[in-house]
Amino acid sequence: SKYSILWEYVQRYGRESVLLTFEEIQNIAGIPMDHSFLKYKKELLEYGYQVGKISMKEETVIFQRTN
């Protein structure tokens, strides 16, 4: 997956929730975040996290640990 580096980063971070800016996501993943992110986000469940709120205004994404 083109976002697997990002998913691994979120998992290693290990917190209940992780807030990242679009710019941070681009720096970690090595690619700009685009509309395909929504298609790939379900892969994150395999890493014990899910995508919470995506704020277009603030340009942030919250990742939340699943139980």
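With which side chain does the side chain of S36 make a polar contact? The partner is the side chain of D34, at 2.5 Å. The legends below describe a predicted model, beginning with the whole protein and then turning to selected residues.

**Figure 1. Overall fold of the predicted model, with 3 helices and 3 strands.** Along the sequence, these elements follow the pattern α-β-α-α-β-β. The radius of gyration is 11 Å, close to the 11 Å that the globule rule gives for 67 residues, so the protein is as compact as a globular protein of that length. The C-alpha trace spans about 30 × 25 × 20 Å along its principal axes. Of the contacts between residues at least 6 apart in sequence, 58% join residues at least 24 apart.

**Figure 2. Surface and charge of the protein.** The protein exposes about 4500 Å², and carbon and sulfur atoms supply 48% of this area. Buried residues account for 28% of the 67 residues. The side chains include 9 positive and 9 negative ones, and the centres of the two sets lie 4 Å apart.

**Figure 3. Close-up of S36 in the loop between α2 (22-29) and α3 (37-40).** S36 has a relative accessible area of 12%, and it therefore counts as buried, the cut-off being under 20%. Its side chain makes a polar contact with the side chain of D34, at 2.5 Å. When neighbours within four places in sequence are left aside, S36 is in contact with K2 and Y3.

**Figure 4. Close-up of E59 in the loop between β2 (49-55) and β3 (60-65).** E59 is not a glycine, yet its phi is positive, at about 55°. Most residues other than glycine have a negative phi. The relative accessible area of E59 is 45%, so this residue is partly exposed, a class that lies between the buried limit of 20% and the exposed limit of 50%.

**Figure 5. Close-up of E23 in helix α2.** E23 has a relative accessibility of 59% and counts as exposed, because the cut-off for that class is over 50%. L44 lies 21 residues away from E23 along the chain, and the C-alpha atoms of E23 and L44 are separated by 19 Å.

How values were computed
Residues are numbered from 1 along each chain as its sequence is written. This is a predicted model: local features need pLDDT of at least 70, side-chain atom pairs count only at pLDDT 80 or more; totals for chains, interfaces and linings use all residues. Side-chain values use heavy atoms; hydrogens and water are left out. Helices (H or I, at least four residues) and strands (E, at least two) are DSSP runs, numbered from the N terminus. Buried means under 20% relative accessible area, exposed over 50%, partly exposed in between (1.4 Å probe, protein chains only). A polar contact is a pair of N or O atoms within 3.5 Å; within protein, one must be able to donate a hydrogen and the other to accept it, and residues adjacent in sequence count only if both atoms are side-chain atoms. Contact means heavy atoms within 4.5 Å. The radius of gyration is taken over C-alpha atoms; the globule rule is 2.2 Å times the number of residues to the power 0.38. Accessible areas come from the Shrake-Rupley method with a 1.4 Å probe; for residues, only the protein chains shown count as cover. Lys and Arg count as positive and Asp and Glu as negative; His and the chain ends are not counted. The place of a charge is taken as NZ of Lys, CZ of Arg, CG of Asp or CD of Glu.
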